[in-house]
Amino acid sequence: MDKKTILVTGGAGYIGSHTIVELVQKGFHPIIVDDFRNANKTVVSGLTEILGFCPSIIHVNVCDINALEPVFQAQKIHGIIHFAAYKAVGESVVDPLKYYKNNLQGLVTICELALKYQVNNFVFSSSCTVYGEPEGLKEVDEATRLSKANSPYGNTKLIGEQILIDVQAQNPQFKCVNLRYFNPIGAHPSANIGEFPIGTPSNLLPYITQTAIGKREKLTVFGNDYPTPDGTCIRDYIHVSDLANAHVAALNLLESTSTPFFEAINIGTGKGTSVKEIVDLFETNTHQKLNWEIGNRRPGDVVEIYANAKKANDLLNWTANYTVEDAIVHAWNWEKKLAEND
Ligand code: UFG
């Protein structure tokens with residue numbers, strides 16, 4: 001039987017590249033669509049090392065409909081996973097139009113082509129940022145009210161979900177899953193692919209591994225006076241390979257379900273871990289001493305949020321396999337591998 005072709009926009013990025021691995025391992029034929037503006041070229045050799053062959057890659061900007069359309073004309077595409085988007089919260093505050101233009105134009109373009117070429121299985125990369133800071137709630141399920149996004153980046157996810165709701169309402173054959181990611185961390189267990197933060201990392205784990213390897217002087221823990229057991233913020237950290245796997249589960253669900261179909265699904269472990277706990281777990285599991293200090297709170301930080309992942313369990317038959325400790329060790333192995341190749 002022919003393998004089903006899946007278009008993966010942003011497939012050379014952090015979550016995208018891990019999803020390529022899972023797709024191939026589950027018998028799909030993924031095509032990466034990426035212009036590499038936010039991806040590192042070495043992801044190609046890393047993927048080749050893991051897969052034993054070089055995946056199909058098309059160097060195209062997803063906002064460029066004329067460049068993208070021939071991809072749809074050249075082969076039957078069974079599904080689309082749409083990752084391609086900017087994702088730096090702080091940068092989006094400074095340059096909102098960059099985010100609105102790229103993230104929304106990319107989504108609209110890919111939807112236009114999906115409708116034109118009847119690609120009816122669509123997975124969208126959303127985020128728990130759509131919940132904002134839910135009042136009085138720590139564990140959020142999909143029925144939790146969506147709230148005003150605290151950054152233009154977050155707003156592009158909120159608007160993106162709304163665009164898909166509207167598209168689906170008029171096109172019942174178009175089936176869609178919005179995956180709301182919690183905090184992806186870690187790297188492929190082989191250490192052949194992982195995260196390549198551009199410039200100074202704003203996310204916690206890459207900042208920790210870069211500090212431990214000597215690229216950064218010291219980690220600042222943003223605030224220890226929050227109303228949590230150790231005073232630091234709590235998040236639901238999920239291994240990137242588990243998150244990648246959820247995309248394959250979403251595609252399988254879309255393929256098997258009847259129309260109309262539209263669901264938003266949380267992808268998290270259901271367990272919260274504090275910043276201080278992550279620091280301790282890093283030191284214990286990697287046997288590295290980390291240079292860190294307590295600093296001021298970071299504006300806009302949610303105090304505590306973690307997923308209710310029941311819907312992912314029920315609908316996708318998906319649960320996280322890796323622990324936070326696994327993810328930390330894999331992230332560290334990846335950082336060491338990057339240092340070896342520097
Ligand atoms: N943190 C530090 N020091 C650092 C970096 C982070 O203490 O140097 C803390 C943050 O204050 C926060 C926690 O570590 O308490 C996690 O911070 P991240 O930046 O890694 O992740 P966020 O939860 O802030 O952001 C993530 C995604 C965003 C998404 C958001 C939704 O990176 O894309 O979740 O809530 F919008």
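## The ligand shell and its surroundings

Strand E9 contributes the largest share of the shell around the ligand, namely 4 residues. The structure described here is a predicted model, and every distance and area below was computed from it. In total, 20 residues surround the ligand, the closest being Asn203, Thr220, Arg235, Arg298 and Asp301. Sorted by class, the shell holds 11 nonpolar, 6 polar and 3 charged residues. Helix H7, which spans 204-213, and strand E9, which spans 219-222, each supply at least two residues of this shell.

Three short polar distances between ligand and protein are set out in the table.

| Ligand atom | Protein partner | Distance |
|---|---|---|
| nitrogen | polar backbone atom of Thr220 | 2.8 Å |
| oxygen | N or O atom in the side chain of Arg235 | 2.6 Å |
| oxygen | polar side-chain atom of Arg298 | 2.8 Å |

The ligand taken alone exposes 680 Å², and the protein buries 88% of that area.

### Arg235 and Thr228

Arg235, one of the closest residues to the ligand, lies in strand E10. Is Arg235 buried or exposed? Its relative accessible area is 13%, which is under the 20% cut-off, and Arg235 therefore counts as buried. Besides its approach to a ligand oxygen at 2.6 Å, the side chain of Arg235 is joined to the side chain of Asp301 by a polar contact of 3.5 Å, and the side chain of Arg235 also reaches the backbone oxygen of Val302 at 2.8 Å. Asp301 is itself listed among the residues closest to the ligand. When neighbours within four places in sequence are left aside, Arg235 is in contact with Asn183, Lys271, Gly272, Thr273, Asp301, Val302, Val303, Glu304 and Ile305.

Thr228 is found in the loop between E9 and strand E10, the latter covering 234-235. With a relative accessibility of 10%, Thr228 counts as buried because this value is under 20%. The side chain of Thr228 reaches the backbone nitrogen of Gly231 at 3.0 Å, and beyond its neighbours within four places in sequence Thr228 is in contact with Ile234, Val303 and Glu304. Val303 and Glu304 also appear among the contacts of Arg235.

### Helix H7

How many of the 10 residues of H7 are buried? The number is 8, so this helix is largely enclosed by the rest of the structure. The buried residues are Leu204, Leu205, Pro206, Ile208, Thr209, Gln210, Thr211 and Ala212. These buried residues pack against strand E8 (183-185), strand E9, strand E11 (237-239), helix H9 (275-286) and helix H11 (324-341); H7 thus packs against E9, and both elements supply residues to the ligand shell. Just after H7, Gly214 takes a positive phi of about 105 degrees.

### Helix H5 and Leu68

Helix H5 comprises residues 96-116, 21 residues in number, and reaches 30 Å from its first C-alpha to its last, close to the 30 Å expected at 1.5 Å a residue. Its buried residues are Tyr99, Asn102, Asn103, Leu104, Gly106, Leu107, Thr109, Ile110, Cys111, Leu113 and Ala114. An α-helix has 3.6 residues a turn, so residues three or four places apart point the same way. The elements against which the buried residues of H5 pack are strand E1 (5-9), helix H3 (65-74), strand E4 (79-82), helix H4 (89-94), strand E5 (121-127) and helix H6 (152-170). Just after H5, Gln118 takes a positive phi of about 50 degrees.

Leu68 belongs to helix H3, one of the elements that pack against H5. Leu68 is buried, with a relative accessible area of 0%, and leaving aside neighbours within four places in sequence it is in contact with Val33, Val60, Val62, Thr109, Ile110 and Leu113. Thr109, Ile110 and Leu113 are listed among the buried residues of H5. The C-alpha atoms of Leu68 and Asp314, 246 residues apart along the chain, are separated by 35 Å.

### Val24 in helix H1

Val24 is placed in helix H1, residues 14-25, and counts as buried at 17% relative accessibility. Not counting residues up to four places away in sequence, Val24 touches Pro30, Leu51 and Phe53. Val24 and Gly223 are 199 residues apart in sequence and, from C-alpha to C-alpha, 42 Å apart in space.

How values were computed
Residues numbered from 1 in each chain as written. Predicted model: local features only at pLDDT ≥ 70, side-chain atom pairs only at ≥ 80, totals over all residues. Heavy atoms only, no water. Near = heavy atom within 4 Å. Polar contact = N/O pair within 3.5 Å; in protein donor to acceptor, adjacent residues only side chain to side chain. Areas by Shrake-Rupley, 256 points an atom, 1.4 Å probe, with all protein chains shown as cover. Nonpolar A, V, L, I, M, F, W, Y, C, P; charged D, E, K, R; others polar. Expected span 1.5 Å × (residues − 1). Buried < 20%, exposed > 50% of the residue type's maximum accessible area, 1.4 Å probe, protein only. Contact = heavy atoms within 4.5 Å.
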